[in-house]
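Student: I have a new model open and would like to talk it through with you. Could we go over it together?
Tutor: Happy to, let's bring it up.

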Amino acid sequence: MAVAAVTTKPLDKPLHQPLKKKRLPAGRPREWYVSHNRRLKAMRLAIALLDAGVYVPSSASNARIRTAAERLGIHRPSDTTCRMVRALIRYGR
């Protein structure tokens, strides 16, 4: 029986460079920018929670989402943003 040995070493550099930020289009109503930024924040938080092992929306309480935001250095999310995070986790299944 053959046995494969896997050796892992920590990555010195990330595999991909982060994307450069582009300016948002001008001339939209303020509500569009608010909802756009809220969706981006919710997506970042949902990804962080999924990476942390939170796969069920019921286990993503507002406190847990806000703790993840604090750990990531993101401003404290509102109740609306927390609902969006749970919706993203729910529909990603």
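Student: Which residues of H2 are buried?
Tutor: First, a word on the source: this is a predicted model, where local features need pLDDT of at least 70, side-chain atom pairs count only at pLDDT 80 or more, and totals for chains, interfaces and linings use all residues. Residues are numbered from 1 along each chain as its sequence is written, and side-chain values use heavy atoms, with hydrogens and water left out. Buried means under 20% relative accessible area, exposed over 50%, and partly exposed in between (1.4 Å probe, protein chains only). By that rule, the buried residues of H2 are Ile-65, Arg-66, Ala-68 and Ala-69.

Student: Why do they count as being on the same side of H2?
Tutor: The arc is taken from the directions from the helix axis to the C-beta atoms. On the other side of H2, Ala-63, Glu-70 and Arg-71 are exposed. The buried residues sit on the same side because they cover an arc of only 155°.

Student: What covers these buried residues of H2?
Tutor: Helices here are DSSP runs (H or I, at least four residues; strands are E, at least two), numbered from the N terminus. The chain has three helices and zero strands, in the pattern α-α-α along the sequence. The cover over the buried residues of H2 includes H1 and H3.

Student: Which helix gives the most to the largest nonpolar core?
Tutor: A nonpolar core is a set of buried Ala, Val, Leu, Ile, Met, Phe, Trp, Tyr and Cys residues joined through side-chain atoms within 4.5 Å. The largest one has 13 residues, and Leu-45, Leu-49, Ala-60, Ile-65, Val-85 and Ile-89 touch the most other members. At least two residues come from each of H1, H2 (62-72) and H3 (79-91). With four residues, the helix that gives the most is H1.

Student: What does Ile-65 contact, leaving aside neighbours within four places in sequence?
Tutor: Contact means heavy atoms within 4.5 Å. Ile-65 is one of the buried residues of H2. With those neighbours left aside, its contacts are Leu-45, Leu-49, Ala-60, Pro-77, Cys-82, Val-85 and Arg-86.

Student: Is Val-54 buried or exposed?
Tutor: Val-54 lies in the loop between H1 and H2. Beyond four places in sequence, Val-54 is in contact with Leu-49, Ser-59, Ala-60, Arg-64 and Ile-89. Its relative accessibility is 2%, so Val-54 counts as buried.

Student: How far apart are the C-alpha atoms of Val-54 and Ile-89?
Tutor: Along the chain, these two are 35 residues apart. Their C-alpha atoms are separated by 8.5 Å.

Student: Which residues does Thr-81 touch, not counting those up to four places away in sequence?
Tutor: Thr-81 lies in helix H3. At 4% relative accessibility, Thr-81 counts as buried. With those close in sequence not counted, Thr-81 touches Arg-38, Lys-41 and Ala-42.

Student: And the chain as a whole: what percentage of its residues count as buried?
Tutor: Among contacts with a separation of 6 or more, 58% join residues 24 or more positions apart. Of the chain's 93 residues, the buried share is 23%.

Student: Where does Gly-73 sit, and what is its phi?
Tutor: Gly-73 comes just after H2. Its phi is positive, at about 80°.
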